[in-house]
Amino acid sequence: MKRRTFIKNGILGTIGIAIIPGSILSGRDCSTTHSDILGPYWSHNHPRRTILANSEEPGTRIFISGVVTADDCETPIQNALVDVWHANDNGCYSVFQECQSGNSNNDPYNLRGIISTDQNGYYGFESIFPGYYAGRPRHFHYKITSPSGLELITQCYFEVDPLIDEDWEQNHPGLVIPLEETENGLVGEFNIVLNEEVSAVSVDSNPFSLPKRFSLDTLYPNPFNNSIKIDFTINNFGYVDIGIYDITGKWVSNLVGKKMHRGKYNIVWKGDNMVGKTVASGTYLLMMKFGGSIQTKKIKLIK
Ligand SMILES: [Fe+2]
């Protein structure tokens with residue numbers, strides 16, 4: 001498979017089928033995924049995406065996928081948020097450090113992203129193999145949040161890494177994964193078992209529960225010069241994601257990225273990007289995601 005096809009189809013559409021289904025996992029010892037330190041480099045508002053590194057980013061391409069399940073190692077958790085962040089090829093972290101290499105598109109959240117699990121609990125992302133820093137083995141940082149709000153902070157390491165020895169594996173049980181070399185890059189599987197009771201998961205997948213609906217209401221004024229007020233309504237508790245994109249689809253800014261209770265809300269966009277710089281005049285897309293649906297509206301900035 002050509003890499004381009006791989007990216008276009010997404011990881012879930014290609015290697016997703018190679019993931020061990022939960023029913024097979026249940027035959028082995030079932031224990032919840034070990035936690036690990038958060039470290040100093042987690043930041044708020046990571047964008048929702050499955051490709052964390054642009055195609056120019058230096059380093060070996062890597063594809064990680066897995067399934068997030070409840071404490072029976074079997075029941076998939078849908079709409080869990082898998083927040084991933086890691087060092088670049090030189091061991092440098094965006095947001096907190098001035099990285100001297102890579103990040104050719106000046107993405108303030110380079111090598112960071114939140115992936116939401118599908119109805120089978122699957123998640124997957126593409127990035128580059130994390131570099132070394134401070135004598136630590138290569139690793140991805142993970143913060144997983146289930147729809148009920150349960151959180152697990154952990155890290156994922158790699159068997160091929162010469163810095164991983166027996167002691168490390170013993171102290172980080174289940175967190176060291178094998179990697180397979182393919183023509184598209186390295187491929188690994190990291191399954192996550194949360195300490196979440198199956199009953200808590202079943203409530204959310206109840207087909208008779210209230211569907212998650214929302215509406216993007218008034219945008220005022222539009223076109224705007226200084227700031228635009230955005231009204232929206234959600235009819236249920238859930239994760240709200242509102243972002244601004246330019247007309248080519250390039251991400252500009254995140255306005256909301258958190259769980260919210262049902263109700264009417266309003267937010268203001270001042271025509272700036274994530275680092276607070278004013279963007280150029282033109283048409284932008286406001287995109288709201290909630291409960292698996294997306295709504296977009298055009299907004300016009302006139303200087
Ligand atoms: Fe780290």
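**Exercise 1.** Explain why the arrangement of donor atoms around the iron ion is classed as irregular.

*Solution.* The four donor atoms subtend angles of 91 to 149° at the iron ion, so the arrangement is irregular. Four donors would count as tetrahedral if all angles lay between 85 and 135 degrees, and as square planar if opposite donors were over 155 degrees apart and all others between 65 and 115. Next, identify the donors (N, O and S atoms within 2.8 Å of the metal): they are Tyr 93 (OH), Tyr 133 (OH), His 139 (NE2) and His 141 (NE2), at 2.0 to 2.1 Å. Their spacing in sequence is Y-x39-Y-x5-H-x1-H.

The model is predicted, with local features requiring pLDDT of at least 70 and side-chain atom pairs pLDDT 80 or more. Residues are numbered from 1 along each chain, and side-chain values use heavy atoms, without hydrogens and water.

**Exercise 2.** Determine whether His 139 and His 141 are buried or exposed.

*Solution.* Buried means under 20% relative accessible area, and exposed over 50%, with a 1.4 Å probe and protein chains only. His 139 has a relative accessible area of 1% and is therefore buried. His 141, at 2%, is likewise buried.

**Exercise 3.** Describe the open sheet that contains strands 11, 12 and 15.

*Solution.* Strands are DSSP runs of E with at least two residues, numbered from the N terminus, and two of them pair if DSSP finds at least two bridges between them. The order is 11-12-15, with antiparallel pairing. Strand 11 (214-220) and strand 15 (263-269) each have a single partner strand, so they stand at the edges. Strand 12 (residues 228-234) pairs with strand 15 over seven bridges. In this pairing, Thr 233 stands opposite Lys 264.

Note on methods. Donors are N, O and S atoms within 2.8 Å of the metal (3.2 Å for Na, K and Ca); water is not among the atoms, so sites may look incomplete. Four donors count as tetrahedral if all angles lie between 85 and 135 degrees; four count as square planar and six as octahedral if opposite donors are over 155 degrees apart and all others between 65 and 115; anything else is irregular. Helices (H or I, at least four residues) and strands (E, at least two) are DSSP runs, numbered from the N terminus.
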